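Open the model in your viewer and show side chains as sticks. Where do the charged side chains meet?

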Amino acid sequence: MKMFVKLIAMLALVSLSQASLATDPVEKKPEMTMDHAMDESKMMEHLKIRQEEILKMHDLSNKILAETDPKKQQALKDQQLELIKADHIKMMSMHHSKMMNMAK
């Protein structure tokens with residue numbers, strides 16, 4: 001449950017930082033508003049995917065806490081760990097791609 005709360009808090013902070021950046025431009029140009037609209041839809045799509053991932057994690061957390069059989073509980077923990085690992089790899093890959101693009 002604590003992990004779910006932390007994930008929601010992190011998601012809220014990311015959303016707020018994105019919103020503050022979007023509302024604080026130095027100068028608006030027509031092409032910037034079009035790019036911003038595209039970025040907004042991409043961000044919402046990303047957030048919906050992220051929400052599904054959080055819900056899966058939350059569901060697994062509830063199942064882990066409710067499970068009384070230690071072997072079944074460990075299997076659920078392993079399943080949750082694989083989700084965390086896949087998410088971490090995806091995030092690191094995206095970060096690496098951004099860094100490589102910035103270097104060009």
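What follows is a short tour of salt bridges, one selection at a time.

**Before you start**

This is a predicted model. The structure holds 4 salt bridges. The stops below take in some of them.

**Stop 1: Asp87**

Select Asp87. Asp87 is found in helix α3, which covers residues 70-103. Is Asp87 buried or exposed? Its relative accessible area is 18%, so Asp87 is buried, the cut-off being under 20%.

Now show what surrounds Asp87. Set aside the neighbours within four places in sequence, and Asp87 is in contact with Arg50 and Glu53. With Arg50 there is a side-chain polar contact of 3.3 Å.

**Stop 2: Arg50**

Move to Arg50. Arg50 is buried too, like Asp87. The relative accessible area of Arg50 is 16%.

Draw the distance from Arg50 to Asp87. The two residues form a salt bridge, with the closest N and O atoms 3.3 Å apart. Which parts of the chain does this pair tie together? Arg50 lies in helix α2 and Asp87 in helix α3, so the pair links parts that are 37 residues apart in sequence.

**Stop 3: Glu53**

Keep Arg50 selected and add Glu53. The side chains of Arg50 and Glu53 meet in a salt bridge of 2.9 Å, N to O. Both residues sit in helix α2, which covers residues 30-66. Glu53 and Arg50 are 3 residues apart there, so about one helical turn separates them.

Arg50 therefore has a salt-bridge partner in helix α3, namely Asp87, and another in helix α2, namely Glu53.

**Stop 4: the network**

Add Lys90 to the selection. Which residues are linked in a network of salt bridges? They are Arg50, Glu53, Asp87 and Lys90. Show the four together before moving on.

**Stop 5: Asp59 and Lys63**

Clear the selection. Pick Asp59 and Lys63. Their side chains meet in a salt bridge of 3.3 Å, N to O. How many residues apart are Asp59 and Lys63 in helix α2? They are 4 residues apart, so about one helical turn lies between them.

Colour this pair by accessibility. Asp59 counts as partly exposed, at 38% relative accessibility. Lys63 also counts as partly exposed, at 43%. Go back to Arg50 and Asp87 for the contrast: both of those residues are buried.

**Last view**

Show helix α2 and helix α3 together. Keep Arg50 and Asp87 as sticks, the pair that ties the two helices. Then add Asp59 and Lys63, the salt bridge within helix α2.

Definitions and conventions:
Residues numbered from 1 in each chain as written. Predicted model: local features only at pLDDT ≥ 70, side-chain atom pairs only at ≥ 80, totals over all residues. Heavy atoms only, no water. Buried < 20%, exposed > 50% of the residue type's maximum accessible area, 1.4 Å probe, protein only. Polar contact = N/O pair within 3.5 Å; in protein donor to acceptor, adjacent residues only side chain to side chain. Contact = heavy atoms within 4.5 Å.
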